[in-house]
Amino acid sequence: MRSATTILCFFNNSKKILFCSKSQQVIRNLSVSSSTKMRFVQFRLKAGGLPHLGAQLSPDGDVFDISNVDHSIPNTLTKFLGAGGDVYERAKRLVASGKSVVPLTDVDLLPPIIKPDKVACVGLNYSGHCDEQNIPHPREPMFFSKFASCIIGPYDDIQLPVISNSVDWEVELAVVIGKKAKAIRSDQVNDHIFGYTVAQDISARDWQKKRNNGQFLLGKSMDTFCPMGPAVVTKNKVDANNLSIKSWVNGKLKQNGNTSEMIFKIDFLVSYLSQIVTLYPGDVILTGTPAGVGMHRNPPEFLHKGDILESEIEGIGKLKNTIV
């Protein structure tokens, strides 16, 4: 939605005007077709209140307050995905109706996924990340996990733990599961994915590598160690195997890769994991990071208080987190 004086104009992805009106109270049908890139967000009004489930039609677009229009639709994306039935089509119709549009400036974006059943992560899944360590490419995926409690929003602060002085960055494409999956084949995976978002696998390298007897969990799961967002983009609008993926620290480019560098592709990863555990709607899978992390620079670089960490994936969005 764009505005000029008191006139409100709605555009589609081709920047063609769908309609203009002089009041938000005038409701017309929007073109929410198969060509529309639906972006699901969680937000809270700056005026306060409970979390809301919303949708955008563009990265900087205003927010359609889905759960405020139809109170039978869950107000979190995790519950929304678990509801099944026609809830997705009902949400699309609400967006098409143009009801309850909230200016982006009036909301605080939350993590798009809140309290998933699990957050699974894949290590050593980019060729460049293996090469920067001078290690062979793995023959099978290496999975580990993060506690869901460390998820924060796209613009929230990352807290440096006092027990670590080696906190590092890892921008990652995150898969969001939309339908329960158990022991599925690779050619069935797409039916079980809802969409994709941007994540940071923040890592305390000393705890990951030297402490906790070599187990990754604690070094990966400290408070605020999983910024995520700003939106979950529906799967039909993302070529997940060919996306630019980048991160910056204080404006300096640190990682500059492409998801095409993944050693194990997403359909294989999801199928593989589903043989071991049941994947539930709202579960998140971080798919690995490209070269350029701090630990493997010469000399090594780590995050400090006051640093600004930015993480971007083409077609999905950008995180911006301050280190405190």
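A residue is described here as partly exposed when its relative accessible area lies between the under 20% that counts as buried and the over 50% that counts as exposed. In this predicted model, aspartate 86 falls into that middle class, being partly exposed with a relative accessible area of 42%. Arginine 90 is likewise partly exposed, at a relative accessible area of 21%.

These two residues are joined to each other, since arginine 90 forms a salt bridge with aspartate 86 in which the closest N and O atoms are 3.7 Å apart. Arginine 90 also forms a salt bridge with aspartate 70, and there the closest N and O atoms are 3.1 Å apart. Because arginine 90 lies in helix H3 (residues 87-97), whereas aspartate 70 lies in the loop between helix H1 (66-69) and helix H2 (77-83), this pair ties together parts that are 20 residues apart in sequence.

Another salt bridge brings together the side chains of aspartate 201 and lysine 146, with an N to O distance of 2.6 Å. Aspartate 201 is found in the loop between strand E14 (193-200) and strand E15 (203-204), and lysine 146 in strand E10 (residues 142-146), so the pair ties together parts that are 55 residues apart in sequence. Both aspartate 201 and lysine 146 are buried. Through salt bridges that share partners, these residues belong to one network that joins Lys146, Asp168, Glu170, Asp201, Arg205 and Lys220.

For the model as a whole, the count comes to 12 salt bridges, among them the pairs of arginine 90 with aspartate 70 and of aspartate 201 with lysine 146.

Terms used
Residues numbered from 1 in each chain as written. Predicted model: local features only at pLDDT ≥ 70, side-chain atom pairs only at ≥ 80, totals over all residues. Heavy atoms only, no water. Salt bridge = Lys/Arg side-chain N within 4 Å of Asp/Glu carboxyl O. Helix = DSSP H or I, 4+ residues; strand = E, 2+ residues; numbered from the N terminus. Buried < 20%, exposed > 50% of the residue type's maximum accessible area, 1.4 Å probe, protein only.
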